[in-house]
Amino acid sequence: MMTDFQRMMVALAIDAAKSCIQVFEEEYPDDSRPRAALEAAEKWLREPTVENRQLVEALELRLWRGKGLGSGQASLAAQACALAARAARHPVSSAMYAVQCERAANGFGHDDYSRRWLYKVLRQIEPHYDRI
């Protein structure tokens, strides 16, 4: 069972992915893998059943292992969606990476990014993820 804090981290990863998925979809409008992973993560957060968790894991793996995630900012947006799905298993690290992917996918510099404070806080919670 997830704690409230872990659920908040999953929600954060989902929010980060939602704010940059358009970058991928504009470049690859016929590729629905990132959207499917993101929607599965949202469904799992609302209804954390075994079936929904299995679906989220399958779509996450399909996205990571699939070919053609694009490059540059589009690829980072797809990665944010995969991380939103991964958050069901690893909430804090997935949220951290999703936040970084969101920033880069949207083309924000470190100083222009409104969530940079959050990344610093999460790094204090999970210090072994400081190589992002």
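# Notebook: helix packing and cysteines

I began with the pair H1 and H6, which pack at an angle of about 20 degrees, with their axes 8 Å apart. That angle makes H1 roughly parallel to H6, since angles under 35 degrees count as roughly parallel. I note here that the model is a predicted one. The crossing of these two helices, H1 and H6, is left-handed.

I then listed the residues that make this contact: from H1 they are Phe-5, Gln-6, Met-9, Val-10, Leu-12, Ala-13 and Ala-16, and from H6 they are Pro-91, Val-92, Ser-94, Ala-95, Ala-98, Val-99 and Glu-102. Sorted by class, the contact of H1 with H6 has 11 nonpolar, 2 polar and 1 charged residues.

Next I looked up Phe-5 by itself, and found its place in helix H1, which covers residues 4-18. Phe-5 is partly exposed, with a relative accessible area of 32%. I also checked Phe-5 against Val-92, and although the two are 87 residues apart along the chain, their C-alpha atoms are separated by 9.0 Å.

My second pair was helix H5, residues 72-86, and helix H6, residues 91-105, which pack at an angle of about 160 degrees, with their axes 8 Å apart. This makes H5 roughly antiparallel to H6, because angles over 145 degrees are counted that way. H5 passes H6 in a left-handed crossing.

On the H5 side I wrote down Gln-73, Leu-76, Ala-77, Gln-79, Ala-80, Leu-83 and Arg-86, and these meet Ser-93, Ser-94, Tyr-97, Ala-98, Cys-101, Ala-104 and Ala-105 in H6. The residues of the contact of H5 with H6 divide into 9 nonpolar, 4 polar and 1 charged.

Cys-101 in that list led me to the cysteines, and I asked how many disulfides a search of the whole structure finds. The search of the whole structure finds 0 disulfides.

Why is Cys-20 without a bond to the closest cysteine sulfur? I found that the sulfur of Cys-20 is 6.1 Å from the closest cysteine sulfur, in Cys-81, and this is too far for a bond, as a disulfide needs the pair of sulfur atoms within 2.5 Å. For Cys-101 the closest cysteine sulfur is in Cys-20, at 7.4 Å, which is again too far for a bond.

Last, I asked whether Cys-20 is buried or exposed. Cys-20 is buried, with a relative accessible area of 0%, and Cys-101 is buried as well, with a relative accessible area of 7%.

Terms used. Residues are numbered from 1 along each chain as its sequence is written. This is a predicted model: local features need pLDDT of at least 70, side-chain atom pairs count only at pLDDT 80 or more; totals for chains, interfaces and linings use all residues. Side-chain values use heavy atoms; hydrogens and water are left out. Axes are lines fitted to C-alpha atoms, for helices over the stretch in contact, and angles run from 0 to 180 degrees between N-to-C directions. Helices (H or I, at least four residues) and strands (E, at least two) are DSSP runs, numbered from the N terminus. Angles under 35 degrees count as roughly parallel, over 145 as roughly antiparallel, 65 to 115 as roughly perpendicular and the rest as oblique. A crossing is left-handed if the near helix is turned anticlockwise from the far one by less than a right angle, and right-handed if clockwise. Contact means heavy atoms within 4.5 Å. Ala, Val, Leu, Ile, Met, Phe, Trp, Tyr, Cys and Pro count as nonpolar, Asp, Glu, Lys and Arg as charged, and the others, Gly among them, as polar. Buried means under 20% relative accessible area, exposed over 50%, partly exposed in between (1.4 Å probe, protein chains only).
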